[in-house]
Amino acid sequence: VRTSAIGGAAQIGFEEFLDGRVDFAELTKIIMDGMDELIYKEVAAALKASVNQLPPANRVAANGFDEAAMDRLITIAAAYGTPTIYCTYEFAVRMIPQEAWRYTEAMKTELWNTGRLAQYKGTKVVILEQGFTDATNTTKVIDPGYCWIIPGGADTRPVKVAFEGGTLVNEKENNWDWSREIHVYKKVGVVCMMTNNICSYVDTSLLGQ
C-alpha cells in the first residue's frame, strides 16, 4: 500500500493562553479529528475508484433504482454467502419494492418512521455514515450514488488502511512572542481490493449529489 504524509498544525498566542480564550488540548483534538476525516475521505474515494475492479456481471449503473437489477446483484453475492447491502441513507430511501402487495403493516410503519427499510427482501441494509467535506454543507464525503453488496464469508472490509510508523507530534514555544505551536505528522495509505463475490450498484441520478 502506497503511503503519503498528512498533517496539521495550530498556534496559540501568549495572550490567548493567559486569558484562557483558547484551549490547547481542544486545538490538538481538532487537528487529530481533521486527520481522521481526511482518511475517511480517502476511503470514500477508494471505494468509488474500486467499482471498475469488479467483473461486468457484478456491477450495475442505472438512472434511478432498478429493482430487477438489484435483485440480480444480490443473487450473485448470495452465491458466496449471506449478503449485506452497504449504502448511504440517500440511496436507501429509494431502495423500496414497488408492488403494493409487498408492504406489511410493519414495513409501512418503518417507512413512515425512518424513510427506509432496514432489510431489502430479507437482505440487511447497513447505512454508511455520511458527512460534509467542509462547513458549507454542500459536498458530501460519500457519493450517495454508490451501493455495495458484500456476502458473509467474503472480506467484509475491502478497504485497507495502512499506517507507516506512528503519529509524530511536535510542540514548541516561539521565543520571539512566547506563542505555542503544535505540529502533527502521519504517513497513511488507503487501497480498496474488490473480488468477484462483491457487487456494486450505481444510481447515476444520485452521483455527485
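1. Let's start with the order of the parts. Read from the N terminus, the elements of the chain follow the pattern β-α-α-β-α-β-α-α-β-β-β-β-β-β. That comes to five helices and nine strands. Please keep in mind as you look around that this is a predicted model.

2. Next, the overall shape. The radius of gyration of the chain is 22 Å, well over the 17 Å that the globule rule gives for 209 residues, so the chain is more spread out than a compact globule. Along its principal axes, the C-alpha trace spans about 75 × 40 × 25 Å. Of the 209 residues, 38% count as buried. Among contacts between residues at least 6 apart in sequence, 75% join residues at least 24 apart.

3. A good place to visit now is the open sheet. Three strands form it, in the order β1-β8-β7, with antiparallel pairing. At the edges are β1 (4-12) and β7, each of which pairs on one side only. From one strand to the next, the twist averages 15°. In a regular strand, side chains alternate between the two faces of the sheet.

4. How are these strands joined? Nine bridges link β1 to β8, and these two strands run antiparallel. If you would like a pair to find on screen, take Ile6, whose bridge partner in β8 is Lys186. Helix α2 (residues 24-49) packs on the sheet and touches β1, β7 and β8. The direction of α2 makes about 15° with that of β8.

5. The other pairing in this sheet is a hairpin. Strand β7 (residues 159-173) and strand β8 (residues 180-192) pair in the antiparallel sense over 12 bridges. Here Ala162 has Gly189 as its bridge partner in β8. Six residues lie between the two strands of the hairpin, and Trp178 takes a positive phi near 65°.

6. Now for the interior. Nonpolar side chains tend to be buried together in soluble globular proteins. In this model, the largest nonpolar core has 19 residues. Those with the most contacts inside that core are Met70, Ile85, Cys87, Phe91, Met95, Ile149 and Tyr201. At least two core residues come from each of β2 (59-62), α3 (67-78), β3 (83-87), α4 (89-92), β6 (146-151) and β9 (199-203). Helix α3 gives the most, with five residues.

7. Met70 is worth a closer look. Leaving aside residues up to four places away in sequence, Met70 touches Phe65, Phe91, Met95, Tyr120, Cys147, Ile149 and Tyr201. Apart from the core of Met70 lies another core, of 18 residues, which includes Val43, Leu54, Ile142 and Ile150.

8. Finally, the cysteines. How many disulfides does a search of the whole structure find? The search finds zero. For Cys87, the closest cysteine sulfur is in Cys147, and no bond is formed because the 4.8 Å between the two sulfurs is too far. Cys87 is buried, with a relative accessible area of 0%. Cys192 is in no disulfide either, and the nearest cysteine sulfur, that of Cys199, is 14 Å away. With 6% relative accessibility, Cys192 also counts as buried.

Notes:
Residues numbered from 1 in each chain as written. Predicted model: local features only at pLDDT ≥ 70, side-chain atom pairs only at ≥ 80, totals over all residues. Heavy atoms only, no water. Pairing = 2+ DSSP bridges. Helix = DSSP H or I, 4+ residues; strand = E, 2+ residues; numbered from the N terminus. Disulfide = S-S within 2.5 Å. Buried < 20%, exposed > 50% of the residue type's maximum accessible area, 1.4 Å probe, protein only. Core = buried A, V, L, I, M, F, W, Y, C linked by side-chain atoms within 4.5 Å. Contact = heavy atoms within 4.5 Å. Axes fitted to C-alpha atoms, helices over the stretch in contact; angles between N-to-C directions. Rg over C-alpha atoms; globule rule 2.2 N^0.38 Å.
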